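Hi,

Here is the structure I promised to pass on. Have a look at it first, and then read my notes below.

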Amino acid sequence: MKKPFTRIAVVAGAGAAAFAMAVAPASAVPSTVWTVTPSPANFSATNSGNIVLTANIPMTCTTSSASGTMASATGNPATVASINAINFGTSASPCSSVLGNVTTIATTPWTVVAQDYTAATGVTKGYVGNVSAKVTAGACVFTVTGKATATYTNSTGILAVASVSGDLAVTSATGCGTVVTTATKPTFKGNYAVKVTGTTTIPKIVGSNP
């Protein structure tokens, strides 16, 4: 006599599960629409203040520049820009450290990823992703990969990079002794002033939910 009731319970449970699956998408949070102005467009960026990569010791660049493309996107997170080239230091003004002059060769593209937008301040929070670079400081050579936490402010056009411990990793190191190892957690900090290439126009990024 118990089998019919067991079958009824199983059928009812399956029906409830199917109903829950059917209604779940309707209650999901909509993807963020990121409106980049202008879009699509090329951008260029130059450092505002020093750029500092710290891997147990600080490596400071007084000159740095970047360029790439930007475009509107949908999603959260969403890639709103691609950094196709980024340079640290010049022959006349090299980056420096206690180990000697520093040369950094980036493997691009890196990405600018948006995650959160505050309308009251015009600030987008996110990160610079797909970071990959080979760093040479004296005899010490190491590679850095990962991402760097960042914000972008519409009123100033400043992309403020301020990675936290764990964002980036050292994937290989030679000639560095115990100063830089694969256990090192480097940080990357600095501000970049962004403009539409060839203009004084500051790009805007606005996030909204439909």
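Before the notes, one cut-off you'll need: a residue counts as exposed when its relative accessible area is over 50%, and as buried when that area is under 20%. Please also keep in mind that this is a predicted model.

That cut-off comes in handy for asparagine 56. With a relative accessibility of 55%, asparagine 56 is over the 50% mark and therefore counts as exposed. You'll find asparagine 56 in the loop between strand E3 (51–55) and strand E4 (57–61). Its backbone is worth a look too: phi is near 75 degrees, a positive value in a residue that isn't glycine. Asparagine 130 also has a positive phi, near 60 degrees, and again the residue is not glycine. Asparagine 130, though, sits in strand E11 (residues 123–137).

Next, the cis peptide bonds. One joins threonine 37 to proline 38, with omega at about -5 degrees. Proline 38 belongs to the loop that runs between strand E1 (33–37) and strand E2 (41–47). Another cis bond leads from asparagine 76 to proline 77, and there omega is near 5 degrees. Proline 77 is in a loop as well, the one between strand E6 (73–74) and strand E7 (78–88).

Now for the inside. The count of cavities of 30 Å³ or more comes to 3. The largest has a volume of about 230 Å³. It is lined by 20 residues, and Phe43, Ala81, Val112, Leu159 and Val194 are the closest to its centre. What class are the lining residues of this largest cavity? They are 20 nonpolar residues, with no polar and no charged ones. Several strands each supply at least two residues of that lining: E2, E5 (64–70), E7, E10 (110–118), E13 (158–162) and E15 (187–196). Of these, E7 gives the most, with 4 residues.

The second largest cavity holds about 170 Å³ of space. Its lining is made up of 15 residues, and those nearest the centre are Leu53, Phe88, Thr104, Val135 and Phe188. By class, that lining divides into 14 nonpolar residues, 1 polar and no charged. Strands E3, E4, E9 (100–106) and E11 each supply at least two residues of the lining of the second largest cavity. You've met some of these already: the loop with asparagine 56 lies between E3 and E4, and asparagine 130 is in E11.

That's it from me. Enjoy exploring!

Cheers

Note on methods
Residues are numbered from 1 along each chain as its sequence is written. This is a predicted model: local features need pLDDT of at least 70, side-chain atom pairs count only at pLDDT 80 or more; totals for chains, interfaces and linings use all residues. Side-chain values use heavy atoms; hydrogens and water are left out. Buried means under 20% relative accessible area, exposed over 50%, partly exposed in between (1.4 Å probe, protein chains only). On a 1 Å grid over the protein atoms alone, a cavity is a set of points where a 1.4 Å probe fits but cannot get out, and a pocket is an open set with protein on both sides within 12 Å along at least five of seven lines; lining residues have an atom within 4 Å of a point. Grid points are joined across faces, edges and corners, and a volume is the space filled by probe spheres set on the points. Ala, Val, Leu, Ile, Met, Phe, Trp, Tyr, Cys and Pro count as nonpolar, Asp, Glu, Lys and Arg as charged, and the others, Gly among them, as polar.
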